[in-house]
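Me: I would like to learn how to read a protein model step by step. Could you take me through the features one at a time, with the general idea before the case?

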Amino acid sequence: MFKLLAKIFGSKNDSDLKKLWPLVDEINAEYGQLQSLTDDELKNLTQEFRNQIQEAAAQLEERVSELNEKLSQDLTMDERLDIQDELEQLDKDIHAVIEEQLNLLLPRAFAVVKETCRRLVGHEYVVNGNKMRWDMVPYDVQLIGGAVIHQGKISEMATGEGKTLVSTLPIYLNALSGKGVHVVTVNDYLAQRDSQWMGPVFEYHGISVGCILNTMTSEQRVREYAKDVTYGTNNEFGFDYLRDNMAIDSRDMVHRAFNFAIIDEVDSVLIDEARTPLIISGPVPQTDQKFEEFKPRVELLYKAQSSLVAKLLSEAEKALQEGDQKAAGMAMLRAHRGMPKNSRLIKMLSEVGNKKIMQSTENEYLRENARYMHVVDDELFFSIEEKNHSINLTEKGREFLAKQTGDADLFLLPDIGTEIAEIENNSSLTPDQRLSKKEEMQSRYAERSDRIHTVSQLLKAYTLYEIDNEYVIQDGKILIVDEFTGRILPGRRYSDGLHQAIEAKEGVTVERDTQTFATVTIQNYFRLYKKLAGMTGTAETEASEFFDIYKLDVVVIPTNRPISREDREDLIYRTRKEKFNAIIKEISDLREAGRPVLVGTTSVEISEMLSRALRTKGIPHNVLNAKQHAREADIVANAGQKGAVTIATNMAGRGTDIKLGEGVKDLGGLMIIGTERHESRRIDRQLRGRSGRQGDPGASQFYASLEDDLMRLFGSDRIASIMDRMGIEEGEVIQHSMVTKSIERAQKKVEENNFSIRKRLLEYDDVMNQQREIIYSRRREALKDQRMKAEILSMAEQYTEKLVDEFAEEGHLEELTESLSRNLLINMKITPQELADLGPAGIKEKVHEAVHQFYDEKEQMLTTEVMKLLEKAVVLQVIDEKWRDHLRELDDLKEGIGLRAYGQKDPLIEYKHEAYNMFTQLMDMISEQIVQLTFKAFPNQQMLEMTQERAQLQRIKRQMVTNHETAQSLSGQSRSAVPSDHPQAEHSAKTKAAPVQVEKTIGRNDSCPCGSGKKYKHCHGK
C-alpha cells in the first residue's frame, strides 16, 4: 500500500529534493556573477558575510559579556543561578539568529565555494606526502548534498559522488559564524588527508583549518580546536570531552562549545560504533583475577562437552538412518545448544530436512517461555545461546568443576534471602554476631558469584570467540577486529572480564582489571552539538534509527550520472566448501580475462584462506585485512587496475575511491565478489558501491552457503526448504530473487535485534547522562575564574541545619557543638544552655553566623587569592573522587539488575529508580565533604607565599596531584542488563587531569597553619 501511494504522490525523499532544486538555481545564478570578480574581491566577500552575522548577533553577545563580568563578582547563590539561566537562554537565541543569517547567506556562500574550486583547478599541493592537483568543481547534485548537510540532515550519496568535496560547502558556510565546525572521520589517516586535501578552499578565504591526531599534546589540541574548522575522529573528539571534564585548570581544557559537527561515514560512527561507549579508566588498586587459575579446569570442561557433542551427533546420525525423527531432533538440539559452531553439526544441519527436524523439536521446548528447555540442557555441562552470546553452567557442569576441587559447594550460590532470615530469627546471636554472620554470608556469595562469572567468561572465550575472526594476536596482545570494517581496533578491550578470559585462553599476559573514571556513549556525545549532520553512501536502511535516536532525517541524493553497475542475484550453495571452490574459480576466470576483482570477506581467517588458495594457483593478489591496516589506502586505490585481484575484509579502505585503469571499462569494469552476506544490509551495499562510481561499468555478486553464520542463525531454514522443494542436490547452486529476498529478510531480523541492543544501551546511559551533565556542569563552574564562596557557604548552611535538626530536637546541644568543632573547626563560644534558650530557629541563625564568621576569618588569614585556589582544589577533588565511586556503584547495580526480571519487574525502571536514589545521596555526600574539607583544609606555608594564580596552580599540581595511569576503555555493559561482549575503547594514556589532593586538614589541637607556633584552638581557632 505504501509503495502504491509513493508511486502516485511521490515519496518524502522526492518532496525534499523538489524543495531544494530552486536553491540550486539561485546558487548557479550567483556563481555566474562571481566569475567576473578579482581574487581580492572574491576573498573580501567572506569578511562581508562574517560582518553580517556579527552585526545580527551583536546585542545578544554584548549581554553575554555583561553577565560573564557579573559572574566574576561576589554574588549570592540565587543571583548566580539567575545569571546562568539567562546565559543558557541567550546561547539558544544567538544560535537561532546565526542560523537565520546562514540560511540567508547560503546561495551566495555556496557560489563562493564553487567559484573558489573553479579558480583552484590545476593548483598543485601536497596531501599526506603525495603531490595532488586540484580538479574538482561541485556538480548540481553536490550542491543539493551540501544544502542537506547544512540543514542538519544526513546526505546519502553513492560511492564516488564526491562527499568530501560536498562537505566544503556547509563547512565554509557554518565556519563564518566563528563558533567552530567539527568534521568527524573514521580514522586518523582520513582526518589528516581530508584536512589537507580540502584545506586550499578554506585557506583561500582566510578560514583556518586544524586536525586532531592521536599523537598530539594538550597544547597542540588547544591550537587545533581554536581554528574555524577542525578535522578528527569520533574517538579523539569524545575522549577530549571526557578529559576536559577531568581537568584541574580551565586552560587545560581543549574543546570549545559544541556548535556544529559533520560526520563522514555517519552510519559507521553513529550506528556501528554506537554499541561502544567511550570510557577513561584506571587500574583497580587491588585485583583478585582467577582466569589463569581456572583455565585448566575450563579446558577440561570444554573437552568433556566436545566429547559429549560428538556422541550426540553420532546418535543423531543413527536416529536419522532409522527414521526416528524425535530422537534425531533431540540429539541435534542438544548438540546445537552445546557447541553451535561444531563443524560436524553445521554440515549435518545443511543437509535436506535436518534443520527443520531440529527446529520442530526446539519449538516444542520453547513453549511457555522455554519452561521445559532445562530438559534439553540438563544433559549438557553448559548451554549456549549463540544469538545473544550467553552461556549458562548447568548442574552437571558445576558438579564436574566441583569434583576437580573436592568442594561440592564451590560453584553453588547461597540463597541470600533464606540465609538472612535464618540469621535474623536466631535469638541466640548478639547484634554484633548477626552483623558478622551477614557479612560472612555476603562475602561467600560474592566470591562464588565471581567464580561462576570467571568460568562463564572463559567458556565464552573458548566457544564463541575465534582467533582471526573476532580478534588477532600481535606483539603478545589480543587486538579486537571490527566486525563491520575488518579493521583492528587499537587498544579496545571487551568488558566484564571477557578480554582477560581471551588473554588467558591464548596464553598471553592477562591485564589487570580497570575502574571507570569517566564515560559517555557515542550517542550522548554527539547530542551535545547544537547542530549535527552527516554523509554516507548507505543510510537509508537505518533511517528510522537515525531519526529515533538523533532526530536526523536521511535524504538520498541522486547520482550525477546513472548507475550502470549490474547487481546480480545471490548464488547459494549447500556447503562452504562448494561455495569457496566456486569463488576461486570465478576469480581465476576474471584474472585471466584481465578484469579487476575486489573480494570482500567477513573475517581475517577467510581472507587468509582465500589468499593461500590463490597462491597455490599462482594468482598474484593483494590482501587487505586487520593485519595490513597501514597499506589500506594504497591497496584499495589500485584495486581498479587491469588484472588486479584484491581481497579485503569487509569495508577496509573505506573513504578511498577506486578508479578504473586503462582499458578496464571495456572489460566490464570492477567486479565485486562478496564471500558471504554480512548481518547488515548496509555493509553489503557498501561493498557493492565500490564498483560503478560516476557511471562506470561494473558488477557485484554475492556467494552464500547454508553453513554461513547469518544463514545458520537466522535464515537457512526457509532457504533450505526452498532448495528442498526445487530438488537442489549437494554440489548444485541456486540463483533466484526469492532466495535473495529471504536472505535480506534474515538481515533485517538481525538489524532489528542490533537496534534493540543499541537502544537498550542508550536507555541505561540516558540515566547516567542526566547525572553526568549535572556533575560536569558543577565541575565547569569550579574551573571558571570566579569565587565558589557563595556556593560553599550555602552548602555549609544546609549542612549545619541538618546537624541542628539531628541534635537539637533531642536536646543534645553539647553533641551539636562538638560536631561543629570536629567537622568544621567552628568554636560556637556559647554554652549549650544559651543555645537552648534560642529555640530551633535561633540556633540555626546563630550557627549560620558562626559559619560566615569562621569563613571570613580564614579567608583573612590565608588571603582571598589562596582561599579561591583552595575552594577550587577542594571542589574538584571531592567531585572527582565521589563521581568515580558513583560510576563503580552504577556498574555494580547494572551488573545484577537484570535478575529483577525474574521477579516480574522491569530492570530498566528498577535501574532508574535506584540510580536516582544513589545520585541524590551522591549530591548530599559531595556537598557535605566539600564543606568539611574547605573548612578544615589548609595549604602549607610555601603555598601561602605564592601570589600569581598560574604559579599557584602549577605548584598545586606538583604538590597536591596524585597521578593515575589511565586507560580509555569501554565498560558500562553488564552481564545481565545489556550485552557485555562488545569491544571497549581502551588505549593506554596518562590523563592530563588527575584528581587534586588538598595538602592537609587540621584538628583543633594541631599547630595553627599561620606559623605562630601556637595550637590552632589557641590562635586562629579561637
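**Reading the fold**

Reply: We can begin with contacts between residues that are at least 6 apart in sequence, for in this protein chain 76% of them join residues at least 24 apart. Please keep in mind that the model is predicted.

Me: How many helices and strands does the protein chain have, and what share of its residues count as buried?

Reply: The secondary structure comes to 35 helices and 29 strands, and of the 1022 residues 55% count as buried. The accessible surface is about 44600 Å², of which carbon and sulfur atoms hold 47%.

Me: How far apart are the end C-alpha atoms of helix α2, and what span should its 23 residues have?

Reply: The general idea is to allow 1.5 Å a residue, so the 23 residues of helix α2 (residues 12-34) should span 33 Å, and the 34 Å between its end C-alpha atoms agrees with this.

Me: Which residues of α2 are buried, and what covers them?

Reply: The general idea is that an α-helix has 3.6 residues a turn, so residues three or four places apart point the same way. In α2 the buried residues are Asn-13, Asp-16, Leu-17, Leu-20, Leu-23, Val-24, Ile-27, Tyr-31 and Leu-34. Their cover includes the helices α3 (39-71), α4 (77-120) and α5 (140-150), together with the strand β17 (554-556).

Me: How should I read a strand such as β23, and is it buried or exposed?

Reply: For a strand, we ask which way each residue points and which strands pair with it. Five of the five residues of strand β23 (residues 670-674) are buried, so the strand is largely enclosed by the rest of the structure. Leu-670, Ile-672 and Gly-674 point one way, while Met-671 and Ile-673 point the other way. Strand β20 (residues 597-601) pairs with β23 in the parallel sense over four bridges, with Val-599 opposite Ile-673. Strand β24 (residues 698-705) also pairs with β23 in the parallel sense, over five bridges, and here Phe-702 stands opposite Gly-674.

Me: How many residues does the largest nonpolar core have, and which helix gives the largest share of it?

Reply: The largest nonpolar core has 100 residues, and those with the most contacts inside it include Leu-242, Phe-526 and Ile-826. Its largest share, 13 residues, comes from helix α32 (residues 864-897). Apart from this core lies another, of 72 residues, among them Phe-110, Cys-117, Leu-120 and Ile-207.

Me: How many salt bridges are there, and what do the pairs tie together?

Reply: A search of the whole structure finds 57 salt bridges. One of them joins Glu-503 and Arg-493, whose closest N and O atoms are 3.1 Å apart. Glu-503 lies in helix α20 (residues 498-506) and Arg-493 in strand β14 (residues 493-494), so this pair ties together parts that are ten residues apart in sequence. Another salt bridge joins Glu-542 and Arg-682, at 3.2 Å from N to O. Glu-542 lies in the loop between β16 (531-536) and α22 (543-550) and Arg-682 in helix α26 (residues 681-688), so here the parts tied together are 140 residues apart in sequence.

Me: Are Glu-542 and Arg-682 buried or exposed?

Reply: The general idea is to compare the relative accessible area with a cut-off, buried being under 20%. Glu-542, at 7%, is therefore buried, and Arg-682, at 1%, also counts as buried.

Methods
Residues are numbered from 1 along each chain as its sequence is written. This is a predicted model: local features need pLDDT of at least 70, side-chain atom pairs count only at pLDDT 80 or more; totals for chains, interfaces and linings use all residues. Side-chain values use heavy atoms; hydrogens and water are left out. Helices (H or I, at least four residues) and strands (E, at least two) are DSSP runs, numbered from the N terminus. The expected span of a helix is 1.5 Å times one less than its number of residues. Buried means under 20% relative accessible area, exposed over 50%, partly exposed in between (1.4 Å probe, protein chains only). Contact means heavy atoms within 4.5 Å. A salt bridge is a side-chain nitrogen of Lys or Arg within 4 Å of a carboxyl oxygen of Asp or Glu. Accessible areas come from the Shrake-Rupley method with a 1.4 Å probe; for residues, only the protein chains shown count as cover. A nonpolar core is a set of buried Ala, Val, Leu, Ile, Met, Phe, Trp, Tyr and Cys residues joined through side-chain atoms within 4.5 Å. Two strands pair if DSSP finds at least two bridges between them.
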